[in-house]
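The following paragraphs lead the reader through one structure, from its overall make-up to its details. Please keep the sequence and the model in view while reading.

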Amino acid sequence: MKKVNFVLMSIIPLILTAQQDSQVSFYQQNLQLYNPAATGLGDHPSLSSSLRSQWTGVEGAPVVQAFNLSVPGGEKKLGYGAYIVVDKTFVERQTRLFSTFSYRVLVGKNKLLYLGIQGGGNHINLNYNEINVAHQDDGELENITRFYPNIGLGIHFKSNNTYFSVAAPLLFGHRKTKSNDAISSVPADDPHLYFSTGTRVPILKKHWEIIAHSLLRWVQYAPPSAVFNLGIGYQKSEFLFTHQHRTSFGLSFFFDSNGIMSAGYAYQFPTHKLTSQLKTGNHELILRIKFKPKKMTPLENKEDGDLDPQMMIN
């Protein structure tokens, strides 16, 4: 069985545009993972946790865990936070750890621009002990552990009901370095560009909205990736349909009572001709905890254009 899964897990990344950065369904709630400028966008400090399981039932299939802390800038306008993303696929475990910072600039009435920077790196561990091999002392299957530092930049614009985001979260490529370390390089080792935009349009009675947002990813040695979401929202809760170009369809539900805790669930079923034969889908859970916000002075509220926090895209 392990031999079959080894072949399967080796082929699928090649067919599906090869391995790239980890991508979660609730990217709009975790935009900080793709753009450091999205740090501290909300009116409360928050801690989020996501768990994504792909191709459920397939041994060694990708599992992604993400944790991110986001703290608004308050009077100093300097937001800060951090995130950890653990991506486990077969024998490879990648752990990305970054500190993120954003600076808020008022560019017009009810219009804010955030400038972001992050620093950290990617820890890679290849554990070949999980494979049944004929010779356990085979030097070519020696376990490997490496750390590759990196930095990233981004900008994020938002108004009362719209946002636009552009970022390069990993500026340094590591193809040559990984080659020297005898680690096979993949598109995830190249600089990525992320583009994201979204809007909430009021409909019917108060608090009901049409929601649309998307996330586009570009990397040099792989086809572009695009995710589109469309659905309805009530206050800050959302029910969305999801389409990831050429790979999956799905739906997600995110419940936010505007209290301390909020949670969501997403399911995607594969549409690619290879992965659709697996008859398994992708499951994702998210949990977010809000903390007591910093007090804002009347001067800060005036400088930020008296933005309505209930209408802001977080």
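The protein chain exposes about 15800 Å², and carbon and sulfur atoms supply 64% of that area. The model is a predicted one. Its protein chain contains 3 helices and 14 strands. Of the 314 residues of the chain, 46% count as buried. Among contacts between residues at least 6 apart in sequence, 57% join residues at least 24 apart.

Strand S14, which covers residues 282–290, is a suitable place to begin. The covered face of S14 consists of Asn282, Glu284, Ile286, Arg288 and Lys290, while His283, Leu285, Leu287 and Ile289 make up its uncovered face. Strand S1 (residues 46–53) pairs with S14 in the antiparallel sense over 8 bridges, and in S14 it is Ile286 that Ser50 stands opposite. Strand S13 (residues 261–270) also runs antiparallel to S14, to which 8 bridges join it; Met261 stands opposite Ile289 in S14.

Strand S13 also holds Phe269. Is this residue, Phe269, buried or partly exposed? Because its relative accessibility is 41%, Phe269 counts as partly exposed; buried would mean under 20%. Leaving aside residues up to four places away in sequence, Phe269 touches Thr247, Ser248, Phe249, Gly250 and Gly281. Thr247 lies 22 residues from Phe269 along the chain, and the C-alpha atoms of the two are separated by 8.5 Å.

The charged side chains come next. Side chains of opposite charge can pair when their charged atoms come close. The count for this model comes to 5 salt bridges. One of them is formed by Arg52 and Glu284, whose closest N and O atoms are 3.2 Å apart. This pair links distant parts of the chain, with Arg52 in strand S1 and Glu284 in strand S14, 232 residues apart. Both Arg52 and Glu284 are buried.

A salt bridge also joins the side chains of Arg200 and Glu238, at 3.0 Å from N to O. Here again distant parts of the chain are linked: Arg200 belongs to strand S8 (residues 192–202) and Glu238 to strand S11 (residues 237–244), 38 residues apart. Arg200 counts as buried because its relative accessibility is 10%, and Glu238, with a relative accessible area of 6%, is buried as well. Arg200, Glu209 and Glu238 are linked in a network of salt bridges.

Strand S14 returns in the salt bridge between Asp256 and Arg288, where the closest N and O atoms are 3.4 Å apart. Asp256 lies in strand S12 (residues 248–256) and Arg288 in strand S14, 32 residues apart, so that this pair too links distant parts of the chain. Asp256 and Arg288 are both buried.

Nonpolar residues gather in cores and at the surface. Of the 13 residues in the largest nonpolar core, those that touch the most other members are Val24, Tyr27, Leu33, Tyr34, Tyr83, Val85 and Leu215. Strand S2 (63–71) and strand S3 (78–89) are the elements that give two or more residues to this core. A second, separate core has 7 residues, among them Ala38, Leu41, Tyr114 and Tyr163.

At the surface, a nonpolar patch of about 950 Å² is made by residues including Leu78, Tyr80, Phe101, Tyr103, Leu115 and Ile117. Two or more residues come from each of S3, strand S4 (92–108), strand S5 (111–126) and strand S6 (144–158); S6 gives the most, with 3 residues. Tyr103 has its place in strand S4 and is partly exposed, with a relative accessible area of 42%.

Terms used. Residues numbered from 1 in each chain as written. Predicted model: local features only at pLDDT ≥ 70, side-chain atom pairs only at ≥ 80, totals over all residues. Heavy atoms only, no water. Buried < 20%, exposed > 50% of the residue type's maximum accessible area, 1.4 Å probe, protein only. Helix = DSSP H or I, 4+ residues; strand = E, 2+ residues; numbered from the N terminus. Pairing = 2+ DSSP bridges. Core = buried A, V, L, I, M, F, W, Y, C linked by side-chain atoms within 4.5 Å. Contact = heavy atoms within 4.5 Å. Patch = residues over 30% accessible without salt bridge, like charges linked within 9 Å, V, L, I, M, F, W, Y side chains within 5 Å. Areas by Shrake-Rupley, 256 points an atom, 1.4 Å probe, with all protein chains shown as cover. Salt bridge = Lys/Arg side-chain N within 4 Å of Asp/Glu carboxyl O.
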